[in-house]
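Please look at the structure shown below before reading on. The report that follows starts with one helix and then widens to the parts around it.

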Amino acid sequence: MTDHPVRSSSGMETALEQRCREWYEAHGQAVYGYLRFHLASAEEAEDLTAEVFLRAVRAAGRFDPSRGAPKAWLLRIARNALHDYSRRERRRRHVPMDGLPDLRSDAPSPEERLLWRETVARLLAAVAELGAGDREIIGLRYGSGLDTGETAALLGVREAVVRTRLWRALGRLRRVMET
Amino acid sequence: MTEPPDAENAIFEGFLANIGDTCRDAFPRRSTATLRQGRGWGSE
């Protein structure tokens with residue numbers, strides 16, 4: 001793809017950078033949510049999201065829209081980045097239970113907002129206790145917000161397989177949360 | 001009466017979807033200019 005510099009609100013940027021900026025605005029949340037379901041802190045998820053889009057800029061010339069939507073392509077990059085990160089870190093995942101200050105809540109009272117943050121922290125800690133396959137499917141479906149069809153396409157399996165795996169993963173997650 | 005496991009999973013699924021929304025809403029959208037400066041966006 002030709003990569004001519006173009007004028008944008010933030011100055012000169014190449015066509016590839018412009019395309020990645022549009023992807024960041026459209027799909028940054030999905031990538032971040034997926035990573036947030038796998039990582040102990042908002043900071044780690046934030047940094048790795050930045051790394052995903054950095055990788056995307058570098059690889060954008062190879063993106064082939066006939067092989068899938070940008071969101072799925074970005075989540076593939078996110079999965080690889082997460083895999084590399086986990087190998088680098090090799091430390092046990094731990095979600096602090098003292099609340100997650102990054103989470104906003106519409107709950108009316110401070111007590112309810114605190115309760116909700118603790119609920120989310122408990123859930124993320126429980127996800128961290130699951131096996132890799134369960135974490136992966138839950139992160140894609142609920143962290144990034146993909147539907148079961150998109151999840152199936154990304155994993156290269158039939159939608160029915162996703163539904164079954166998801167249902168089993170949910171059962172295991174519930175049991176972890178109950179203990 | 002105890003709810004069957006499938007019904008419990010369905011309720012739990014709604015709860016998880018809500019938590020996913022909360023996490024995505026917390027996405028700290030940085031300007032891409034910041035990404036460019038901080039992480040070498042577009043440097044290669």
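## A helix and the core around it

In this predicted model, the buried residues of α7(A) include V162(A), R165(A), L166(A), A169(A), L170(A) and L173(A). These residues lie on the same side of α7(A), because they cover an arc of only 145° around the axis. The opposite face, turned away from the buried side, carries the exposed residues A160(A), T164(A), R175(A) and E178(A). The length of helix α7 of chain A, residues 159–178, also agrees with expectation, because its 20 residues at 1.5 Å a residue should span 28 Å and its end C-alpha atoms are 28 Å apart.

Chain A is divided into two domains, and the table gives their bounds.

| Domain of chain A | Residues |
|---|---|
| domain 1 | 1–94 |
| domain 2 | 105–179 |

Twelve residues of domain 1 of chain A are in contact with 14 residues of domain 2 of chain A. On the domain 1 side of this contact, α1(A) gives the largest share, five residues, and by class this side has six nonpolar, three polar and three charged residues.

The largest nonpolar core has 47 residues, among which V31(A), L35(A) and A78(A) touch the most other members. The largest share of this core, nine residues, comes from α1(A). Both domain 1 and domain 2 of chain A give residues to this core, so it lies between them. Leaving aside residues up to four places away in sequence, V31(A) touches T49(A), V52(A), L74(A), L75(A), A78(A) and S144(A).

Technical notes:
Residues are numbered from 1 along each chain as its sequence is written. Chains are lettered from A and ligands numbered from 1 in the order in which they are written. This is a predicted model: local features need pLDDT of at least 70, side-chain atom pairs count only at pLDDT 80 or more; totals for chains, interfaces and linings use all residues. Domain bounds come from an automatic or database domain assignment. Two residues are in contact if their C-beta atoms, placed from the backbone, lie within 7 Å. Helices (H or I, at least four residues) and strands (E, at least two) are DSSP runs, numbered from the N terminus. Ala, Val, Leu, Ile, Met, Phe, Trp, Tyr, Cys and Pro count as nonpolar, Asp, Glu, Lys and Arg as charged, and the others, Gly among them, as polar. The expected span of a helix is 1.5 Å times one less than its number of residues. A residue is buried if 20 or more other C-beta atoms lie within 10 Å of its own, exposed if 12 or fewer, and partly exposed in between; C-beta atoms are placed from the backbone. The arc is that of the directions from the helix axis to the C-beta atoms. A nonpolar core is a set of buried Ala, Val, Leu, Ile, Met, Phe, Trp, Tyr and Cys residues joined through C-beta atoms within 7 Å.
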